Amino acid sequence: MKDSNCIFCKISGGEIPSKTIYEDEEFRVILDISPATKGHALILPKEHYANIYEMPEETAAHVMKLARKLAVHMKETLKCDGLNIMQNNGEAAGQTVFHFHMHLIPRYKQDGNEDKLCWNHLELSEEEFQAIHQKLKL
Ligand code: AMP
Ligand code: ZN
């Protein structure tokens, strides 16, 4: 399924040109237009899923397999020192384009993002830890 108002549907379908670095039947991988670092890429499924909650388990498995392939490729070709894999779901998590995408962000020593890709650390009491532990156990 595609969403006619979705820019990533148009890009993944080839309707809007992009700097594609990989394509198969299921995915297109493009360079991010506003990259965090050189080589910042996005894995786009060609089907429209707004987020990970909507995506079938099998597709999610394929995304991870492709992420690994690209990670190895980036390490070899870019000689990057590290790599962040990020995937935002919902406005609260920083998602701005509501078509599932996975960020692959090659990292370089002193790339200026040292303090960007991190978060604050909560200090939880043992009771708070226990409560969240009970809630989350599958
Ligand atoms: P997120 O905040 O996880 O939703 O990330 C959206 C990403 O899509 C951002 O890093 C944008 O720079 C990127 N982006 C938005 N529009 C385009 C576009 N037309 N081509 C390539 N990347 C885009
Ligand atoms: Zn879409």
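I began with the surroundings of ligand 1: there are 16 residues around it, and Asp 32, Gly 94, Thr 96, His 101 and His 103 come nearest. A reminder to myself: this is a predicted model.

Next I looked up which side chains put an N or O atom close to an oxygen atom of ligand 1. For His 101 I found a distance of 2.8 Å, and for His 103 I noted 2.8 Å as well. Asn 88 also has such a side-chain atom, at 2.9 Å from an oxygen of the ligand. I then checked how much of the ligand is covered: alone it exposes 500 Å², and the protein buries 80% of that.

Where does ligand 1 sit? I found that the space it takes is the largest pocket. Two elements give two or more residues to the shell around the ligand, namely helix 1 (7-12) and strand 2 (27-31). Helix 1 has the largest share of that shell, with 3 residues. Sorting the shell by class, I got 8 nonpolar, 7 polar and 1 charged residues.

Then I turned to the pocket itself. Its volume is about 340 Å³. I saw 19 residues lining it, and Phe 8, Ile 30, Asp 32, Ile 33 and Leu 42 are the closest to its centre. Which elements supply at least two residues each of this lining? They are helix 1 and strand 2. The largest share of the lining, 3 residues, comes from helix 1. My last entry is the division of the lining by class: 10 nonpolar, 7 polar and 2 charged.

Methods:
Residues numbered from 1 in each chain as written. Chains lettered and ligands numbered in written order. Predicted model: local features only at pLDDT ≥ 70, side-chain atom pairs only at ≥ 80, totals over all residues. Heavy atoms only, no water. Near = heavy atom within 4 Å. Polar contact = N/O pair within 3.5 Å; in protein donor to acceptor, adjacent residues only side chain to side chain. Areas by Shrake-Rupley, 256 points an atom, 1.4 Å probe, with all protein chains shown as cover. 1 Å grid on protein atoms, 1.4 Å probe; cavity = no way out; pocket = protein on both sides within 12 Å on 5 of 7 lines; lining within 4 Å. Sits in = over half its atoms within 2 Å of the grid points. Helix = DSSP H or I, 4+ residues; strand = E, 2+ residues; numbered from the N terminus. Nonpolar A, V, L, I, M, F, W, Y, C, P; charged D, E, K, R; others polar. Points joined across faces, edges and corners; volume = space filled by probe spheres on them.
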